[in-house]
Amino acid sequence: MPETNGHDAPRVGFYVCHCGHNIAGTVDVAEVARFAGTLPNVVVSRDYKYMCSDPGQELIITDIREHKLNRIVVASCSPLLHEHTFRVATEKGGLNPYFFQMVNIREDVSWVCSDHDAATNKTLDLVRAAVRRVAHHRSLATKHVRIHPDVLIVGAGISGIHAALTLANAGKKVTLVEREPTIGGHMAMFDKTFPTLDCAACILTPKMSAVKNHPNITLWSYSEVTEVSGFVGSYTVKVKRKPRFVSEELCVGCMECIDACVYKEGKTPDEFNQGLSKRKPVYIPFPQATPQVVLIDPDTCIEFKSGRCKKTCVEKCDRDAIDFTQKEEIKEIQVGTIILATGFKTFDPKRIPYYGYGKYPNVYSSLEVERLVNASGPTGGDLVLRDGRHPKTVGIIHCVGSRDRKTNRWCSRTCCMYSLKLAHLLKEHSEAEVYNFYIDIRAAGKAYEEFYDKLLEENIHFIRGRVAEVTDWSARPEEEGKLIIRVEDTLIGVVRRVPVDMVVLAVGMEPQADSQDVRRMFNISCSTEGFFLERHPKLAPVDTFTDGIFIAGACQGPKDIPDSVAQAGAAAAQALALIDAGEVELEPNTAYIVEEDCSGCKSCLNICPYTAITRDEIRQKAVINEALCKGCGTCVATCPSGAIRQNLFEDDQIYSEIEGLLQDKESVLTGGGAWRAPA
Amino acid sequence: MKLPTPPAVRTAENNSPPRMKTVTRRLKFESELDLSFGEHVAERAYGQKLLSCIQCGTCSATCPLSHYMDYTPRKIIAMTREGFKEEVLNSLTIWLCASCYACTVQCPREIHITDVMYALKREAIARKFYPARNPIPVLAKAFFERVRHDGRNTESRLLITLYLRTNPFKMLKEALLGFHLFRTGRLSLKREKIKGMKELRNMIDSVEPRKEAVPL
């Protein structure tokens with residue numbers, strides 16, 4: 001089979017696909033095939049029921065051989081779906097795959113046109129344009145980029161931890177970066193997990209220490225990614241390591257320095273306990289924190305504020321781990337793929353003032369209650385309210401901040417189930433009468449409905465209705481000293497006033513406050529609500545629009561632990577697939593510099609959105625990194641001397657396509673007449 | 001000059017102008033409820049798990065009489081569970097239940113709703129939560145007395161007891177029908193009785209302790 005060099009006289013094979021009724025139901029495909037046969041250069045013109053099927057592709061392959069075709073045009077669906085299929089068929093027939101052009105007459109024509117004649121006419125224009133264009137196609141080589149085998153994982157909650165362990169167990173080197181002083185994320189704060197009620201710490205801490213001890217994992221806690229550059233297979237990442245003022249190598253986490261601190265009692269709200277307890281300037285978030293290293297908060301430490309502390313902590317530490325001179329460090333690493341598992345934040349219930357959070361001390365957020373019922377929490381698991389009482393009645397308000405156009409429109413998916421879990425735990429801890437106020441119970445998950453069923457039989461009240469307000473205004477003597485929940489019991493059809501001692505607000509899940517900054521840094525997209533956007537909601541749930549960057553866990557959308565872990569595993573598998581392939585194929589639609597025309601004016605340098613263009617200072621010319629170039633064409637249009645061109649979008653190709661499109665619309669070309677855009 | 005009358009809103013069936021509805025309080029204070037009522041009823045309905053009701057409304061949709069009820073069976077369960085004792089025991093629903101068991105057959109949570117209705121009826125009888133001349137509890141009671149006494153139900157005697165206790169005038173109204181039934185041998189005045197009355201009483205006493213429902 002002779003490999004054509006593109007300079008032979010073009011011999012075009014044209015194929016129009018029926019796509020069942022999708023196209024043939026609107027477009028007269030027989031007419032399209034007849035018309036294409038009359039166009040210059042077209043040697044073969046056919047219509048076929050399903051061009052993407054094996055016989056359809058075989059048609060192209062045999063025609064290339066029998067009719068010595070050197071150009072192929074297929075009019076069918078979107079190139080996103082089958083351009084690759086037909087390029088492969090073209091290649092199998094013995095041609096360079098880029099001697100192929102696709103015309104989208106389904107998404108662009110048949111699905112959006114109701115007038116059959118207009119649809120057929122538009123198809124004819126598009127076909128004529130493609131046949132014209134394909135004559136100018138050139139032979140191109142597919143480019144390959146090597147994939148660096150190391151992986152960066154950002155965020156060490158349960159998703160990041162699981163992805164890191166999966167990759168490390170497969171023998172890949174992983175750098176796990178966590179912003180907080182300890183890994184574990186939100187899961188480390190939880191008491192029990194639904195629906196099995198196993199203790200969160202019991203199932204999480206073994207994974208946390210596995211991360212710490214794994215030879216393939218470099219764990220950087222208390223660190224943040226500050227800069228990302230590069231492209232799939234070769235990312236350069238800068239990580240800021242914040243100073244702990246305690247040496248990670250020397251500290252063994254004996255915590256004697258904490259006891260020795262000149263502060264007898266903690267003065268700063270403890271972040272890990274949601275401010276329900278106080279910590280000292282030298283602290284460790286929780287007993288099983290990983291790495292088990294204390295840290296010093298320079299904002300509250302006397303030594304940092306006045307320099308005149310007795311430094312009893314230093315005296316006490318026999319390993320000399322405390323180092324007040326520690327400085328912030330910037331580390332640079334090379335990785336091939338990145339997994340983002342940056343998690344979520346909980347909705348701030350202060351945004352709904354009528355629920356009284358921050359106003360009435362006995363109104364709690366659900367995360368606070370997780371700490372309150374936790375045996376290692378601020379009260380050691382004793383359910384004691386802020387005013388020192390033990391609650392006899394508890395009201396749990398569902399959907400706080402969720403399913404509300406004024407705050408967050410989405411369902412946070414986890415609140416129903418964790419509210420059920422908290423209801424069970426609260427009843428277990430206090431024998432209190434527990435009320436759930438819900439709009440709908442969404443218990444869609446393995447063994448979730450059964451858990452709901454169990455809770456119903458535990459005599460926990462389920463009142464269907466969205467709570468209107470929480471108030472301390474009592475209408476009757478027996479309501480005095482209580483928080484009154486006012487709600488319509490929509491199942492019974494009556495408005496009720498339920499007096500309770502404690503209110504739990506089941507707050508929803510939101511994107512992290514800095515998710516937009518992270519998105520920009522990693523050059524990925526966010527959906528409107530701010531969660532990271534997956535490449536396809538169903539078929540590519542962990543990929544992003546940037547190759548080599550994957551997402552896992554609640555940073556992509558509200559998710560519970562099983563789903564986060566499953567997604568983390570999927571992200572790890574996608575990263576592994578890239579690494580083990582060793583290299584990726586790149587679309588050759590990149591821009592290139594015609595050096596003799598380049599004046600070195602630097603116009604293109606700053607406009608490139610992918611920072612793919614640099615300037616060779618010696619030769620005074622622009623240089624395009626093909627691996628970084630995404631083929632957007634911005635530089636091509638910007639270059640004042642026309643020195644930048646783009647593969648598959650050469651001027652002759654684009655002009656011939658336009659001419660083909662407008663051929664029988666002379667009036668447009670001459671600037672007059674009543675030509676109207678095709679329907 | 002006569003002023004034009006303002007157009008009144010009229011319904012299809014009722015051609016008279018609408019009347020203002022009475023304004024009643026529909027707010028429920030928690031102290032008006034009896035939180036143990038649900039469990040109490042469940043215990044008396046053979047341990048029925050009415051707490052596990054998911055309020056799907058299948059019972060109300062299958063019930064052939066629900067469209068005459070003041071509260072549908074689903075609502076009765078929701079109210080029982082939440083302790084709306086007065087409303088439930090005063091409701092017409094429990095007396096309209098004809099024990100057809102359609103709800104029980106279809107309930108996805110396998111709640112024996114008919115048994116719940118019986119438990120509620122017993123509760124209402126024990127607490128005299130029904131109009132004195134409501135024939136349904138009177139009939140039930142009279143039927144049980146007859147069977148307990150004779151081992152069989154003599155229908156003529158049951159009817160006479162029922163009418164005497166509820167509406168004696170109605171007996172006169174139905175006298176002609178009774179006569180026809182008597183003439184054709186459908187209704188006998190002869191008292192029917194079984195032989196082993198002692199054994200039957202022992203049996204009844206063992207399954208139905210005489211205490212009835214204990215008032216709350």
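Residues 671-679 of chain A keep a pLDDT under 50. The model still has 13 contacts beyond four places in sequence for this stretch. Where pLDDT is low, the predicted coordinates should not be read in detail. This is a predicted model, then, and confidence is the place to start. Chain A as a whole averages a pLDDT of 93. In chain A, 97% of the residues score at least 70.

Now take in chain A as a body. Its C-alpha trace spans about 90 × 70 × 45 Å along the principal axes. Chain A holds 20 helices and 34 strands. Of its 679 residues, 46% are buried. Sequence distance matters for reading its contacts. Among contacts in chain A between residues at least 6 apart in sequence, 71% join residues at least 24 apart.

Next come the domains. Chain A is divided into domain 1 (12-140 + 656-670), domain 2 (151-241 + 332-343 + 512-583), domain 3 (245-325), domain 4 (349-509) and domain 5 (591-644). Domain 1 is written as two segments of the chain. Domain 2 is written as three. The centres of domain 1 and domain 3 of chain A, taken over C-alpha atoms, are separated by 71 Å.

What lies inside? The largest nonpolar core has 81 residues. Those that touch the most other members are A:I153, A:A163, A:A164, A:L176, A:I339, A:L340 and A:A571. Helix α16 of chain A, residues 561-581, gives the most to this core, with 8 residues. Domain 2 and domain 3 of chain A both contribute residues, so the core lies between them. Look at A:A163 for a view from within. Leaving aside neighbours within four places in sequence, A:A163 is in contact with A:I153, A:I339, A:A341, A:A552, A:A568, A:A571 and A:A572. Apart from this core lies another, of 80 residues. Its members include A:Y355, A:V373, A:L456 and B:I113.

That last residue leads to chain B. Chain B is divided into domain 1 (31-130) and domain 2 (131-216). The C-alpha centres of these two domains of chain B lie 26 Å apart.

How do the chains meet? In chain B, 17 residues are in contact with 16 residues of chain A. Two elements of chain B, β1 (27-29) and α3 (73-82), each give two or more residues to the side that touches chain A. Of the elements, α3(B) gives the most, with 4 residues. By type, the residues on this side of chain B divide into 7 nonpolar, 3 polar and 7 charged.

Strand pairing also links the chains. Strand β26 of chain A, residues 494-500, is joined to β1(B) by 3 bridges. The two strands run parallel. One pair to find in the structure is A:R497 and its bridge partner in β1(B), B:F29.

Finish in chain B, at B:R186. This residue sits in the loop between α11 (175-183) and α12 (197-207) of chain B. Is B:R186 buried or exposed? B:R186 has 11 other C-beta atoms within 10 Å, so it is exposed, since 12 or fewer counts as exposed. Now trace from B:R186 to B:K85. The two are 101 residues apart along the chain. Their C-alpha atoms are separated by 43 Å.

Technical notes. Residues numbered from 1 in each chain as written. Chains lettered and ligands numbered in written order. Predicted model: local features only at pLDDT ≥ 70, side-chain atom pairs only at ≥ 80, totals over all residues. Contact = placed C-beta atoms within 7 Å. Nonpolar A, V, L, I, M, F, W, Y, C, P; charged D, E, K, R; others polar. Pairing = 2+ DSSP bridges. Buried ≥ 20, exposed ≤ 12 C-beta atoms within 10 Å, placed from the backbone. Domains from an automatic or database assignment. Core = buried A, V, L, I, M, F, W, Y, C linked by C-beta atoms within 7 Å. pLDDT = per-residue confidence, 0-100.
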